[in-house]
Amino acid sequence: MHGPGEIRVTVFPNDRAAARALAKRIAGHVSAKPSLVLGLPTGRTPVRLYQELVWLVERGQLDLSRIRTFNLDEFLGIARDHPGSYRRFMEDHLFKPAGISDEQVEFLNGAAADSAAECERYEEAIAAAGGIDVQILGIGTNGHIGFNEPARELQARTHRVRLKPETRRSNAALFGSDPNAVPGEALSMGMATILQARSIVLLASGKSKAGCIARVVNGPIATRLPASFLQLHHDVEVVLDEAAASKL
Ligand code: F6R
């Protein structure tokens with residue numbers, strides 16, 4: 001715990017060491033509170049983290065059978081079993097291999113007929129779970145967190161969002177390498193939804209993130225760099241490999 005405006009930064013030699021350390025930290029949180037409410041990202045960055053968590057579960061060093069999870073975002077207009085959906089990504093990388101059951105998982109339904117009602121339902125589900133204890137985040141090279149894209153204004157609550165071309169490009173791998181096949185819209189937790197988590201850890205690796213990490217940690221708060229709002233939180237840590245920390 002520290003004052004707002006100070007982001008704790010921890011640097012590891014490589015992304016594997018960062019993922020391993022964060023997995024151990026999460027294991028510590030779960031052993032202190034087995035019913036931990038965990039907020040989770042998708043993307044390339046957390047893949048190693050999820051591998052490390054699964055490894056701990058398989059060795060009996062971590063019991064995730066009572067946690068609850070809330071993912072940050074989902075593409076609009078695709079069902080949970082679509083191969084490009086974030087739900088499917090989570091099932092493949094974490095939920096199935098770690099034995100996390102459907103009852104433990106809350107997810108935005110990108111295929112919901114009424115997206116506004118779906119966003120409201122999600123906010124209510126987070127509140128009903130008692131709020132998010134630990135929110136893990138990745139970061140886009142443009143400074144987005146969840147799908148809160150750089151803009152003149154940011155949305156506080158879970159909402160429907162239009163994705164930037166660079167965000168669609170960086171998700172193309174999920175859609176047969178075709179950026180045009182990536183849905184143009186998504187549902188995402190809002191800035192206040194994220195900032196209300198009791199504790200936040202942002203994980204970033206690789207040179208492509210170094211510029212925005214330096215601005216997030218040391219720059220002014222700006223809606224054009226949504227992650228900079230993390231400076232307002234009293235318990236946020238940025239976990240990096242050396243490449244992502246190279247411009248600090
Ligand atoms: C996805 C999410 C995004 C990603 C970000 C980085 O759930 O919340 O903000 O964390 O786009 O993605 P990667 O890790 O693929 O660089």
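A polar side-chain atom of D73 lies 2.6 Å from an oxygen atom of the ligand. The model is predicted. The ligand sits in the largest pocket, and 15 residues surround it. Elsewhere, an aromatic pair links a strand and a helix.

**Polar contacts to the ligand**
- K209 also places a polar side-chain atom by the ligand, 2.7 Å from an oxygen atom.
- R44 takes part through its backbone: an N or O atom there lies 2.8 Å from a ligand oxygen atom.
- Taken alone, the ligand exposes 410 Å². The protein buries 93% of that area.

**The shell around the ligand**
- The closest of the surrounding residues are R44, T45, D73, H144 and K209.
- By residue class, the shell divides into 5 nonpolar, 7 polar and 3 charged residues.
- D73 counts as charged, and so do R44 and K209.

**Aromatic pairs**
- The count of aromatic pairs comes to 5.
- One of them joins F70 and Y122. Their ring centres are 5.7 Å apart, with 70° between the planes.
- The F70–Y122 pair is edge-to-face because its plane angle is over 60 degrees.
- F70 belongs to strand β3 (residues 68-71), while Y122 belongs to helix α4 (residues 115-128). The pair therefore ties together parts that are 52 residues apart in sequence.

How values were computed: Residues numbered from 1 in each chain as written. Predicted model: local features only at pLDDT ≥ 70, side-chain atom pairs only at ≥ 80, totals over all residues. Heavy atoms only, no water. Near = heavy atom within 4 Å. Polar contact = N/O pair within 3.5 Å; in protein donor to acceptor, adjacent residues only side chain to side chain. Areas by Shrake-Rupley, 256 points an atom, 1.4 Å probe, with all protein chains shown as cover. 1 Å grid on protein atoms, 1.4 Å probe; cavity = no way out; pocket = protein on both sides within 12 Å on 5 of 7 lines; lining within 4 Å. Sits in = over half its atoms within 2 Å of the grid points. Phe/Tyr/Trp six-rings, centres within 6.5 Å; stacked < 30°, edge-to-face > 60°. Helix = DSSP H or I, 4+ residues; strand = E, 2+ residues; numbered from the N terminus.
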